[in-house]
Amino acid sequence: GFDLDIDKSLHPIILGGTSHNIISSSKSMIGAGESLNILSSENSSIMSGRFATISNSEESSIVSLAASFNAENPSGIFNSTASFIGGGQSHQISASAMSIIVGGSNNRIKDGSVLSAIIGGKTQRISGSEFSLIGSGQENIILDSNFSTILTHQTVGASSTSNQGIHGSEY
């Protein structure tokens, strides 16, 4: 590969690709792809993808995340220890440790949604909701509602802007 940078990290590995950085992230690895970054995240890995970052998220991993560069909503894992993104496009986990997103497009877990998961779907959101799950669907939201689950649902037409989902409840 070319344009690869490793700095302040013990035992990092970059296998191939272009424009990758591993900085202050000992024992971390980037496999292949374009513009991948691991920053201040020990024992973390990005196997492949483009324009993805793991930052301040030890023991986190991304396997094949395709994203368009977006400075306002970057794709990857931020301030979320032991989190995982497995496939899909333009996902983000932020401030939500031990959470996962697998498949789908443009899904977000954020704001203290510890131990939460989104499995597939498009434009799904979990925010401020521990132990919560969205199984599939489109434009579903779990907001400030611990132990909540949406298995599948799709908002359609004019209702797609109504923030349909679960808001402010326990169990």
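Which residue in strand 5 is the bridge partner of asparagine 21? The legends below start there, and every view comes from a predicted model.

**View 1. Strand 5 and its two parallel partners.** The answer is asparagine 37, which partners asparagine 21 from within strand 5. That match belongs to a parallel pairing in which three bridges tie strand 3 (residues 21-23) to strand 5 (residues 34-39). Strand 5 also pairs with strand 7 (residues 49-55), again in the parallel sense, and here five bridges are found. Look for leucine 36, which sits opposite alanine 52 of strand 7.

**View 2. The open sheet of nine strands.** Follow the order 2-4-6-8-11-13-15-17-19 and you have gone across the whole sheet, with parallel pairing. Strand 2 (13-14) and strand 19 (149-150) are the edges; each has a single partner strand, so one side of each lacks a neighbour in the sheet. As a general reminder for reading this view, side chains in a regular strand alternate between the two faces of the sheet.

**View 3. Strand 4 against strand 6.** Zoom in on one pairing from that sheet: strand 4 (residues 29-30) runs parallel to strand 6 (residues 45-46), and two bridges hold the match. Methionine 29 faces serine 45 in strand 6.

**View 4. Two loop residues with positive phi.** Most residues other than glycine have a negative phi. Asparagine 56 goes the other way, with phi near 50°. You'll find asparagine 56 in the loop between strand 7 and strand 8 (61-63). Serine 64 isn't a glycine either, yet its phi is positive at about 60°. Serine 64 is in the loop that links strand 8 to strand 9 (65-66). How exposed are they? Asparagine 56 has a relative accessible area of 42%, so it counts as partly exposed. Serine 64 is partly exposed too, because its relative accessibility is 36%.

**View 5. A nonpolar patch on the surface.** Four side chains make up this one: Met98, Leu115, Phe131 and Phe147 form a nonpolar surface patch of about 350 Å². To get your bearings, start from methionine 98, in the loop between strand 12 (92-94) and strand 13 (100-102). Methionine 98 has 44% relative accessibility, so it is classed as partly exposed.

Terms used. Residues numbered from 1 in each chain as written. Predicted model: local features only at pLDDT ≥ 70, side-chain atom pairs only at ≥ 80, totals over all residues. Heavy atoms only, no water. Pairing = 2+ DSSP bridges. Helix = DSSP H or I, 4+ residues; strand = E, 2+ residues; numbered from the N terminus. Buried < 20%, exposed > 50% of the residue type's maximum accessible area, 1.4 Å probe, protein only. Patch = residues over 30% accessible without salt bridge, like charges linked within 9 Å, V, L, I, M, F, W, Y side chains within 5 Å. Areas by Shrake-Rupley, 256 points an atom, 1.4 Å probe, with all protein chains shown as cover.
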